[in-house]
Amino acid sequence: MSDSPQTRQHLHRLIDALADGDLDPAKRAIESLRPANPSENALSEILERNSYDTDKSEYYLRNYERKFAHLRERPIALLEVGVHRGGSLYLWRDYFSRGTIVGFDLHPPASFSDESGRIRIFPCDQGNAPGIRAAARSASPDGFDIIIDDASHMGTLTAITFQTLFYDHLRPGGFYAIEDWGTGYWDRWPDGGAPLMVAAPHFSNQGKRFPSHDLGMVGFVKQLLDEGALADVFHPRFGGPPTRKCWIRDIQVNPGLVIVEKASV
Ligand SMILES: C[S@@+](CC[C@H](N)C(=O)[O-])C[C@H]1O[C@@H](n2cnc3c(N)ncnc32)[C@H](O)[C@@H]1O
C-alpha cells in the first residue's frame with residue numbers, strides 16, 4: 001500500500017469510523033484502500049493464454065502475484081535460477097512489461113528466442129559461488145529486485161546460491177523465492193528422506209528441545225527461520241551480543257514455496 005497523503009486520509013477516515021462504531025463508512029474506507037487493479041490471476045491468465053512450457057502451479061502463481069503485484073509496472077530486474085526450456089522466463093517477461101529477465105541454468109536451453117530482447121540466459125552451476133557471483137554482476141550490476149531458485153532442489157546447492165545472491169545481489173526490499181523445498185521429505189530424493197510422523201498431530205519435545213526433520217531443503221528452510229529471528233538471537237536484554245545485521249524482513253513459508261523479503265536498510 002502506498003504511503004500517499006490520499007492513503008493516509010483514507011486510513012484516518014477508517015480509524016474515525018471504527019472509533020464511532022459506524023461500520024458502513026468503515027467498509028467504504030477499506031474498499032477505497034484496495035489497489036486500483038486487484039487482479040490476482042494475471043500470471044495464470046498469461047500462462048493459460050500462451051501455453052508457456054513451465055510447471056509452475058496455479059498455487060505458486062497466486063502466491064507470487066500477492067507479493068509482486070505492486071512491482072508489475074516497474075522496470076524491475078528478475079533472476080530465475082533453473083529455467084529448463086525457458087517457459088517461466090516468458091511468463092515473467094509478459095507480466096513485468098518493463099522488466100529485465102535473467103535466467104541461470106547448468107544446461108541452458110539449446111534453442112531459445114525472445115523477440116523483446118529483455119530476456120538473457122547464462123550458463124551457470126548454482127553450486128559454484130564465484131560463477132554465480134560473476135554472472136549476477138554481469139547480468140545486472142545494480143542487483144535484482146526478485147530472485148527465484150527453481151534449480152536443483154538440493155539443500156547444499158540451494159544454500160550456496162542463497163548465501164551468494166541474497167546478501168550481495170538482491171536489492172534492499174527485494175524478494176527471494178525458493179521453490180519445491182518439500183523435496184527434503186521425499187525418501188527417493190537424493191538428499192531427502194521420510195520424516196518420522198505419528199498417526200495424530202503431536203508436537204513432541206525432549207526437555208527444552210523440539211527436534212524436527214532436517215534433511216535437505218527442509219533443513220535449509222528451517223535454518224532460514226533462525227536467520228530471520230536474529231532480532232531475538234541478538235535481543236538487547238535476553239540474547240547474545242550482535243555479530244551481524246538481520247537482512248530478513250519477512251519469511252512466507254507455504255507448502256512447497258518459501259518467499260523471503262529482504263530488509264530495506
Ligand atoms: C524444474 S526445472 C526449472 C523449471 C523452470 N523454472 C520453469 O518454471 O519452467 C530445473 C532446472 O534446473 C536446472 N539445474 C539443475 N541443477 C542445477 C544446478 N546445479 N545449477 C543450475 N541449474 C541447475 C536444470 O537444468 C533444469 O533446467
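Let me start with what covers the buried residues of helix H4, which includes helix H3 (42-50), strand E4 (144-149), strand E5 (170-179), strand E6 (248-254) and strand E7 (257-262). I should say at once that this is a predicted model, and what follows should be heard with that in mind. The residues of H4 (residues 58-68) that are buried are Tyr60, Leu61, Asn63, Tyr64 and Phe68. Viewed down the axis of H4, these buried residues fall within an arc of 165 degrees, so they line one face of the helix. On the other side of H4 we find Glu58 and Arg66, which are exposed.

Phe68 also brings us to Ile146, because, setting aside residues up to four places away in sequence, the contacts of Ile146 are Phe68, Ile76, Leu78, Gly174 and Phe175, with a contact taken as C-beta atoms within 7 Å. Ile146 and Leu78 appear again in the largest nonpolar core, which has 49 residues, and where the residues with the most contacts inside the core are Leu78, Leu79, Ile146, Ile147, Ala177 and Val258.

To put this in the setting of the whole chain, there are nine helices and seven strands, and buried residues make up 30% of the 265 residues. Of the contacts with a separation of 6 or more, 58% are accounted for by residues 24 or more positions apart.

Let me turn to helix H5 (87-95). How many of the nine residues of H5 are buried? Seven of the nine are, so H5 is largely enclosed by the rest of the structure. The buried residues are Ser88, Leu89, Tyr90, Leu91, Trp92, Arg93 and Tyr95, and what covers them includes H3, strand E1 (77-81), E2 and strand E3 (119-123).

Strand E2 deserves a closer look through Phe104, which lies in that strand. Phe104 has 27 other C-beta atoms within 10 Å, and since 20 or more are needed for a residue to be buried, it is buried. Leaving aside neighbours within four places in sequence, Phe104 is in contact with Leu79, Val81, Phe122, Cys124, Gln126, Ile132 and Ala135. Phe104 and Ala151 are 47 residues apart along the chain, and their C-alpha atoms are separated by 8.8 Å.

Now to the ligand. Of the 21 residues around the ligand, those that come nearest are Thr54, Gly82, Ser88, Gln126 and Ser152. The elements that give two or more residues to this shell are helix H5 (87-95) and strand E2 (100-105). By class, the shell divides into six nonpolar, nine polar and six charged residues.

Next, a helix pair, for which the usual description is the angle between the axes and the distance between the axes. The axes of helix H7 (residues 155-169) and helix H8 (residues 216-228) come within 7 Å and cross at roughly 35 degrees. Gly155, Thr158 and Ala159 of H7 make this contact with Gly216, Met217, Gly219 and Phe220 of H8, and the classes are three nonpolar, four polar and no charged residues.

I will finish with Pro195, in the loop between E5 and H8. Is Pro195 buried or partly exposed? With 13 other C-beta atoms within 10 Å, Pro195 is partly exposed. Apart from residues up to four places away in sequence, Pro195 touches Tyr185 and His213, and Tyr185, 10 residues away in sequence, is 6.1 Å from Pro195 in space, C-alpha to C-alpha.

Note on methods:
Residues are numbered from 1 along each chain as its sequence is written. This is a predicted model: local features need pLDDT of at least 70, side-chain atom pairs count only at pLDDT 80 or more; totals for chains, interfaces and linings use all residues. A nonpolar core is a set of buried Ala, Val, Leu, Ile, Met, Phe, Trp, Tyr and Cys residues joined through C-beta atoms within 7 Å. A residue is buried if 20 or more other C-beta atoms lie within 10 Å of its own, exposed if 12 or fewer, and partly exposed in between; C-beta atoms are placed from the backbone. Two residues are in contact if their C-beta atoms, placed from the backbone, lie within 7 Å. A residue is near a molecule or strand if its C-beta atom, placed from the backbone, lies within 6 Å of it. Helices (H or I, at least four residues) and strands (E, at least two) are DSSP runs, numbered from the N terminus. Ala, Val, Leu, Ile, Met, Phe, Trp, Tyr, Cys and Pro count as nonpolar, Asp, Glu, Lys and Arg as charged, and the others, Gly among them, as polar. The arc is that of the directions from the helix axis to the C-beta atoms. Axes are lines fitted to C-alpha atoms, for helices over the stretch in contact, and angles run from 0 to 180 degrees between N-to-C directions.
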